[in-house]
Amino acid sequence: MIKIKNILAPTDFSDGFVHSLNYAIEIAKSMDSNLHIIHVIAPIVLASDMVTTKYGFDELPNELEIYALKNLEKIGIELKEKGIAFSTKILYGKAFEEILEYARIHHIDMICIPTLGHSNLENFLFGSTTEKVLRKAKCPVLAVRKKEQD
């Protein structure tokens, strides 16, 4: 019998993540697994003429971290209510690299990741994080397609 002790569910806080998290929760319940929720904050490269925000450039990384902490806290409340053993972490770097490194260090048995989170343009320009994780992960990867709208 296959034993899955540690499940990694990387999040970009998209609707696709919410859907894939439901799969991770059900697997974690059925196998009494620990659920690891991580969010990766990528390096920010801005062309000053192309981007406007309500925050100054120096404030943006801090605001991204605050946003991530608030969302991870909400996820944690839900997991506590469901009786799931979990941990959360914010990492910094390229998403696929951080996901793979976290999986290696924490002896992850399975990665549960959404297939859609970014636009087709972003996938064209930067490549799909999910696709890179699927190709390079040392453990099984469950790629969950975003639930279609009713």
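**Legend 1. Helix α1 and its buried face-list.** A residue is called buried here if its relative accessible area is under 20%, exposed if over 50%, and partly exposed in between (1.4 Å probe, protein chains only). By that yardstick, G16, F17, H19, S20, L21, A24, I25, I27 and A28 of α1 are buried. Helices (H or I, at least four residues) and strands (E, at least two) are DSSP runs, numbered from the N terminus. Helix α1 takes in residues 15-31, and its end C-alpha atoms sit 25 Å apart, in agreement with the 24 Å that its 17 residues should span at 1.5 Å a residue (the expected span is 1.5 Å times one less than the number of residues). Right after α1 comes D32, with a positive phi near 50 degrees.

**Legend 2. The whole chain, before zooming in further.** Keep in mind that this is a predicted model, with pLDDT of at least 70 needed for local features and 80 or more for side-chain atom pairs, while totals for chains, interfaces and linings use all residues. Residues are numbered from 1 along each chain as its sequence is written, and side-chain values use heavy atoms, with hydrogens and water left out. There are five helices and five strands in the chain. Reading from the N terminus, the order is β-α-β-α-β-α-β-α-α-β. Of the chain's 150 residues, 37% count as buried. Take the contacts (heavy atoms within 4.5 Å) between residues at least 6 apart in sequence: 77% of them join residues at least 24 apart.

**Legend 3. H39 and its surroundings.** H39 belongs to strand β2, which runs over residues 34-41. Is H39 buried or exposed? H39 counts as buried because its relative accessible area is 11%. Setting aside neighbours within four places in sequence, H39 is in contact with T11, D12, F13, A68, K89, I90 and L91. With T11, the side chain of H39 reaches the backbone oxygen at 2.8 Å. T88 is 49 residues away from H39 along the chain, yet their C-alpha atoms are separated by 8.1 Å.

**Legend 4. Two loop residues with positive phi.** Most residues other than glycine have a negative phi. F13 goes the other way, with phi near 65 degrees. You'll find F13 in the loop between β1 (6-11) and α1, and F13 is buried because its relative accessible area is 16%. H107 also has a positive phi, near 50 degrees. The loop holding H107 lies between α3 and β4 (110-114). H107 counts as exposed, with 58% relative accessibility.

**Legend 5. Helix α3 against helix α5.** Helix α3 (residues 95-105) and helix α5 (residues 129-136) pack at about 35 degrees, with their axes 9 Å apart. Those axes are lines fitted to C-alpha atoms over the stretch in contact, and the angle, on a scale from 0 to 180 degrees, is between N-to-C directions. On the α3 side, A95, F96, I99 and L100 make the contact; on the α5 side, T129, K132, V133 and K136 do.

**Legend 6. V133 up close.** V133 is part of helix α5. How accessible is V133, and what does that make it? Its relative accessible area is 0%, so V133 is buried. Not counting residues up to four places away in sequence, V133 touches F96, I99, L100, I111, I113 and V141. Between V133 and A95 there are 9.3 Å in space, C-alpha to C-alpha, for a separation of 38 residues in sequence.

Terms used
Polar contact = N/O pair within 3.5 Å; in protein donor to acceptor, adjacent residues only side chain to side chain.
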